[in-house]
Amino acid sequence: MAMKTAAFQKCINPGCGAQFDCTESIFKCPRCGDLLDIQYNWDEIAVPKKLAEFGRRWANRDKPPDFSGVWRFRELLDFCPDEHKITIGEGQTILQQNRPIAQHLGMKPDRLFLQYEGLNPSGSFKDNGMTAAFSHAKMVGAKSCACASTGNTSASVALYAQSCGLKCTVFIGSGRIAFGKLSQAMDYGAQTIQIQGDFDDCMKQVQDVCVELGLYLLNSLNPFRLEGQKTIMFRIIEALGWQTPDWIVVPGGNLGNSSAFGKAFAELKQLGLIDRIPRMAIINATGADTLTDLVNNRKLAWNGGQVDQKIIDDYYADLTARHFSPHTCASAIEISRPVNLKKCLRAIDVCKGIVRAVTDEEICDAKALIGKFGLGCEPASAATVAGLKHLLAEGIIAKEERVACVLTGHPLKDPNVTVNYHKDRQGQFSNPPLSAPNDLQEIIKLIR
Ligand SMILES: *Cc1c(COP(=O)(O)O)cnc(C)c1O
Ligand SMILES: [Zn+2]
């Protein structure tokens, strides 16, 4: 079934470069095993000459592709004919200028922006990718799908599968999933399988299960997902009056977002739609800092696509030998073998990116700050503000630069971390509940 679009899949390994039609669901290069990218013949696509033309589509609330904050930008991810596109209203998110946090960090007050992706239908940025991947799944006629997940992927997959009628199985590691996310997968009707292992174990199993049973795979290994995630950057630029910020700060887990953002900026620049590419800071948790270690200490780099695979293989062999399992309260980034590592290295190259790791304590304090003065977020998202604090202190980000932090998930995803932080007075912003006898005068005494 050949479907004519201007898009094709291409292996990211320049030594291979194999190309495949978008109607194939292969998820990895069958020739060399490397990651696949979606590429476009731009001269066959009627891309608007100016980004502002995309903004007008907000007005068309009655027209499904325009109603979506992803498909409003459809010419920039043109791999799927309109009749297969599905949307449940994802991507209607906001960029919040946050003066109190900027001041707290010692920045010029109008220079900090928080891109709140918790407003998505399933409460995390994952929906931006799922609308794209599920549209592709519909286009190729998939009937059942699967994913491995630290939580939000399963919530998002379960919701999209249910709304477009696909059977769905999600794999989660034992014990480590936040309850908000697990509850969504069950509520949306997904078959949930808990594997005795961590996320990296689940990721390996799900790939084999998908091949064995012919299931459609929805991890960020799926290159169509990353096409949807590019739109987070388009919306940040839109909210800044179609200007790029100086910095994008993003948490790093499986490195899908950072990869997608780098690709988005490279394409916008190539199309002449922006003239300057922002820099990118990717923030790990110290308990899951593979990227930080590989890039900062072992000097792993994109190197024009000639990535030194031996550095990666040795690093992973060492993790295995030490029986290393990552640990952080930011469960969404508790990953030690990031699937999109190589694409992320490319994004670092495109955006002059840098990588830092922050402790769980720093993450929790930053999360409380975002709750106290912003719209709130889950722990992984708060790594951005914690990382920004480091980079300001190091003088890498200047206090007058415009910075957009991507808040990837909703605060109610992981209430345990929040409640523990506050009730046990774990940090400088703890705000524990007070207890009072059932007595008016005693209650009044407590009120500040
Ligand atoms: C999945 C997820 C991440 C990690 O994203 P990557 O793009 O895989 O690095 C970060 N934060 C939240 C809330 C997530 O759900
Ligand atoms: Zn290949």
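**Figure 1. The largest pocket has a volume of about 1,000 Å³.** The model shown is predicted. In this pocket, 37 residues form the lining. Those nearest its centre are Lys 28, Met 203, Gln 207, Leu 221 and Val 339.

**Figure 2. Several elements supply the lining of the largest pocket.** Two or more lining residues come from each of α7 (199-213), β9 (216-217), α12 (309-321) and α13 (341-350). Helix α7 makes the largest contribution, giving 8 residues.

**Figure 3. The lining of the largest pocket mixes nonpolar, polar and charged residues.** Nonpolar residues number 18. Another 11 are charged, and 8 are polar.

**Figure 4. The second largest pocket holds about 330 Å³ of space.** Its lining consists of 17 residues. Ile 12, Asp 37, Gln 39, Trp 302 and Arg 346 lie nearest the centre of this pocket.

**Figure 5. Strands and helices both line the second largest pocket.** The strands β1 (7-11) and β3 (36-40) each give two or more residues to the lining. So do α10 (256-270) and α13. Helix α10 gives the most, with 5 residues. Helix α13 also gives two or more residues to the lining of the largest pocket.

**Figure 6. Residue classes in the lining of the second largest pocket.** Here 9 residues are nonpolar. The charged class has 5 residues, and the polar class has 3.

Methods
Residues numbered from 1 in each chain as written. Chains lettered and ligands numbered in written order. Predicted model: local features only at pLDDT ≥ 70, side-chain atom pairs only at ≥ 80, totals over all residues. Heavy atoms only, no water. 1 Å grid on protein atoms, 1.4 Å probe; cavity = no way out; pocket = protein on both sides within 12 Å on 5 of 7 lines; lining within 4 Å. Points joined across faces, edges and corners; volume = space filled by probe spheres on them. Helix = DSSP H or I, 4+ residues; strand = E, 2+ residues; numbered from the N terminus. Nonpolar A, V, L, I, M, F, W, Y, C, P; charged D, E, K, R; others polar.
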